[in-house]
Amino acid sequence: MSESARKDTPEQADFRAYCQQWLAENRPADPPVRLPQSALEIMTNEQLDYLQAWQKAAYDAGLVGCDYPVAVGGGGRTDCQRVANEEMLAARTPFFPNVIGLGMAAPTVFYHAQDALKERLLPRLFSGEDIWCQGFSEPGAGSDLASVQTFAERRGDKWVINGHKVWTSLAHFAEWMIILLRTDRSHKYDGLSYFVVPIRSALGKGVTVRPLIKITGETGFNEVIFEDLEVDDSYRLDELGKGWQVAMTTLLHERGAGELQTPRSGGLKSEATHTISSASLINLAKESQRDGACAAYDPVLRDKMMQMVIREQGLAQNNRRARVQALLDHPMRLPLQYKLLASENAQDIASLALEVAGAGSTLYLNHEGAPDRGQWPMAYMNSYGMTIAAGTSEVQRNILGERVLGMPKSK
Amino acid sequence: MTQPNNFGFTEEATMLKDSARKFFADNFPTEKLHHLVADNPDPERSPGFHWEPELWQQMVELGWTAIAVPEECGGLGMPLVAVAGLVEEVGRAAFPCPLLSTFNTCRVLQNCGGAGQPALEEIAAGTAATLAITSVDGSWNPGHCGVTVRDGALYGTASFVQDAGKVKRFLVSANGDSGLALYWVDADAAGLQIQTDGIVDLTRDQATLHFDGVQGEWLTDAGLAALNLAMPAIWTLLAADIAGAAEWQLQTTVEYVSVRQQFDHPLAFFQAVKHPLVNVMVQIDQTRSLLYNAACAIDCEPEKSLQFAHMAKASASETAALASGRSVQCHGGIGFTWECFIHLYFKRQKHSQVLWGDAAWHRARLAEILIGPAAA
Ligand SMILES: Cc1cc2nc3c(=O)[nH]c(=O)nc-3n(C[C@H](O)[C@H](O)[C@H](O)COP(=O)(O)OP(=O)(O)OC[C@H]3O[C@@H](n4cnc5c(N)ncnc54)[C@H](O)[C@@H]3O)c2cc1C
């Protein structure tokens with residue numbers, strides 16, 4: 001369901017008209033191959049090439065990095081990324097492949113790196129020519145992220161890295177990694193530093209990337225092993241030992257609660273892909289049968305579908321209210337809910353779609369004639385990636401309870 | 001038509017909301033509410049209610065009853081979103097008064113053309129009023145009513161009439177020869193008997209009205225259209241009351257579980273306590289966002305107001321249920337007593353949950369809009 005039209009500032013209105021026109025004239029052709037449901041499951045070079053070409057075109061047209069300064073390759077506009085995102089969504093463009101770069105690395109580099117490094121890294125990040133990945137999680141450090149053990153040892157103005165990162169999305173295509181490292185074993189939070197590391201150029205020379213297979217059968221995340229990889233000190237973003245604070249910038253943006261709006265393209269509806277939304281759920285119900293009648297007549301399913309419509313609209317209206325000072329009690333109360341709600345809504349929509357599809361929900365991508373080409377069971381499985389990655393739903397509820405409601409900390 | 005980004009919530013609306021919050025905090029702390037309304041726990045007490053007419057009079061003098069009346073009828077004509085902001089504060093204080101009923105009545109009178117004008121002027125001048133439009137079976141469809149017009153007089157019964165004991169006028173719906181008619185009836189009119197209902201909620205009053213040849217001012221014969229047009233605003237304002245009350249329930253419960261210790265920890269250390277309270281917060285925020293969206297649609301995007309208002313009240317009814325359940329459960333034994341203040345809000349919310357349609361009813365109506373009729 002579309003959000004209601006809103007009033008734009010004059011700059012936004014001009015830019016919106018420009019985006020609409022550009023998108024009308026430059027909508028990318030349908031992909032030559034099946035696309036995954038999100039950038040985190042890109043498996044082949046054909047998929048990547050197609051999506052990278054799209055991101056580059058959108059960047060060259062000024063639809064990516066709109067609100068960053070011109071000096072770092074941005075558009076120098078005010079609150080216009082939101083506009084570009086809305087128009088790209090409406091135009092059902094493909095998603096961008098460099099999601100970790102745009103959503104997490106870019107704001108972190110922007111807020112914490114020296115100017116020269118920003119000017120070097122950000123333009124190729126925005127254009128998608130350099131794919132980025134995030135090396136935070138380790139086998140022994142997941143929800144308890146500050147317990148990472150991958151170690152950087154100082155040698156002059158170089159650092160030598162040894163250790164093991166895991167679940168690293170897009171590492172198999174990435175030029176660069178943002179990485180949280182331990183530089184001091186005697187302090188948990190104050191013994192961490194934060195680097196950007198060129199990993200592609202170091203493959204086989206201190207870096208090994210091994211793909212891991214996901215629950216859906218796809219690849220997309222990896223384990224990354226570091227063995228005596230030497231990195232220049234100029235790639236360190238924090239004041240030594242203050243890596244945790246830098247990581248907070250990353251996590252805030254990863255959870256949709258940061259200052260800078262992430263460039264987002266998406267909603268491509270083609271033979272190959274489809275979106276997880278209550279609108280596509282209702283379409284599925286209209287096309288499905290239940291006891292010999294249209295599933296969209298079933299009162300129980302109707303009630304459940306309306307619950308999803310309402311939650312989806314509630315989230316959209318939260319995002320709108322988050323910018324209306326007079327209607328907020330606590331500045332982080334709505335922003336910190338975003339990730340939790342978006343992931344759980346997607347999960348519950350997909351789960352309900354399986355219920356609506358009934359017996360048809362057993363059919364997968366490899367079955368001719370599966371409802372919506374088997375995308376729903378895949379979406380349902382992938383939704384657990386969303387409720388686990390970037391801080392699990394349980395961790396999000398701890399954060400909301402403690403940071404927003406002020407309840408005492410849980411262990 | 002398009003909605004403004006900020007829901008049309010102006011500086012003026014902010015000042016109104018803030019001053020209302022301060023008014024209730026200064027004049028009506030929860031202890032006072034409890035002292036006022038909870039004097040008799042006996043479940044078989046004779047039906048009745050308590051309120052503070054002097055405080056209500058102060059609210060009238062502050063101009064609050066006039067904010068929803070159009071300017072041409074002597075009111076302030078504030079947008080619904082500002083009215084909703086005020087109602088949220090009434091809900092937060094669980095304040096017993098006919099403000100919501102009076103606002104609801106205004107919304108219907110505005111759809112009655114010139115005949116509604118004198119009634120609106122009365123409200124602008126401080127007269128409280130309420131809707132008497134519900135049949136004995138409690139139908140949420142405004143087309144079902146238990147009053148009939150015969151020879152220009154009203155006969156029959158109107159049930160579930162809110163704040164009936166606190167108002168001077170009733171807006172009554174009645175089946176007439178040319179459709180559903182609306183009448184403006186004096187509370188003291190001859191032939192009208194007001195029978196107070198015995199209800200759970202201590203912060204409201206409700207009554208059954210018996211009409212036996214009652215005379216009233218005729219307003220319109222197109223009553224169904226007038227009511228249908230007003231219902232989205234009525235649902236939205238009730239959602240605001242619920243959201244305000246739920247925030248009180250949340251904050252009060254959070255405070256309690258952060259202080260009380262068991263197993264050497266504050267209760268909120270345990271996630272079985274903490275996480276459901278986060279869920280209450282999330283549910284309240286959905287309701288607030290949806291109700292401002294609905295109010296703004298009623299002000300600026302009328303073609304969407306029906307579906308957005310169904311969403312707001314459906315969400316609000318869920319909020320009322322969730323916040324109430326958690327508030328009692330998280331307080332343990334003390335939460336189960338008459339002496340703990342949370343029962344006042346629990347009861348108000350359970351009343352609001354079903355008033356003007358529960359969640360399932362609103363979702364069923366929403367489905368008719370978004371999917372189409374329920375059967376082929
Ligand atoms: C699709 C996907 C992509 C990912 N991509 C990346 C990436 O690019 N880079 C990266 O660094 N990481 C990535 N991750 C890793 C992700 O951040 C971690 O999986 C996540 O933080 C959880 O850590 P864990 O897997 O070790 O689970 P654990 O921390 O072991 O948690 C297991 C279960 O216990 C619960 N739990 C843990 N602690 C608590 C607590 N205190 N209270 C209540 N419950 C608790 C969790 O909620 C969860 O349900 C990705 C994960 C997925 C699924």
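This passage describes the ligand site of a predicted model and then a few local features of its chains. Residues are numbered from 1 along each chain as its sequence is written, and chains are lettered from A and ligands numbered from 1 in the order in which they are written. In this predicted model local features need pLDDT of at least 70 and side-chain atom pairs count only at pLDDT 80 or more, while totals for chains, interfaces and linings use all residues; side-chain values use heavy atoms, with hydrogens and water left out.

The ligand site is a good place to start. The shell around the ligand holds 18 residues, and those that come nearest are A:Q134, A:S143, A:W167, A:T392 and A:E394; a residue is near a molecule or strand if one of its heavy atoms lies within 4 Å of it. Because the surrounding residues come from chains A and B, the site is shared between chains. Within chain A, domain 2 (133-257) and domain 3 (278-404) both contribute to the shell, so the ligand lies between them; these bounds come from an automatic or database domain assignment. Helices α10 (375-388) and α11 (393-404) of chain A each supply at least two shell residues. Helices here are DSSP runs of H or I with at least four residues, strands are runs of E with at least two, and numbering goes from the N terminus. By residue class, the shell divides into 6 nonpolar, 10 polar and 2 charged residues. In this scheme Ala, Val, Leu, Ile, Met, Phe, Trp, Tyr, Cys and Pro count as nonpolar, Asp, Glu, Lys and Arg as charged, and the others, Gly among them, as polar.

Polar atoms of the ligand pair with side chains from both chains. An oxygen atom of the ligand is 2.6 Å from a side-chain N or O atom of A:S143, and an oxygen atom of the ligand is likewise 2.6 Å from such an atom of A:T392. From chain B, the side chain of B:Q271 places an N or O atom 2.9 Å from a ligand nitrogen. The ligand taken alone exposes 970 Å², of which the protein buries 69%; the areas come from the Shrake-Rupley method with a 1.4 Å probe.

Away from the ligand, strand β4 (residues 176-182) of chain A pairs with β5(A) in the antiparallel sense over 7 bridges, where pairing requires that DSSP finds at least two bridges. Across this pair, A:I179 stands opposite A:F195 in β5(A). Strand β5 (residues 192-198) of chain A has 6 of its 7 residues buried, so it is largely enclosed by the rest of the structure. Buried means under 20% relative accessible area, exposed over 50%, and partly exposed in between (1.4 Å probe, protein chains only).

Some loop residues also deserve a look. A:E218, in the loop between β6 (207-212) and β7 (221-232) of chain A, is buried at 2% relative accessibility. Its side chain joins that of A:T216 through a polar contact of 2.7 Å, meaning a pair of N or O atoms within 3.5 Å; within protein, one must be able to donate a hydrogen and the other to accept it, and residues adjacent in sequence count only if both atoms are side-chain atoms.

Most residues other than glycine have a negative phi. A:R92, in the loop between α3 (81-90) and α4 (99-112) of chain A, has a positive phi near 50° and is partly exposed at 35%. B:D151 also has a positive phi near 50°; this residue sits in the loop between β2 (147-150) and β3 (153-162) of chain B and is exposed at 82%.
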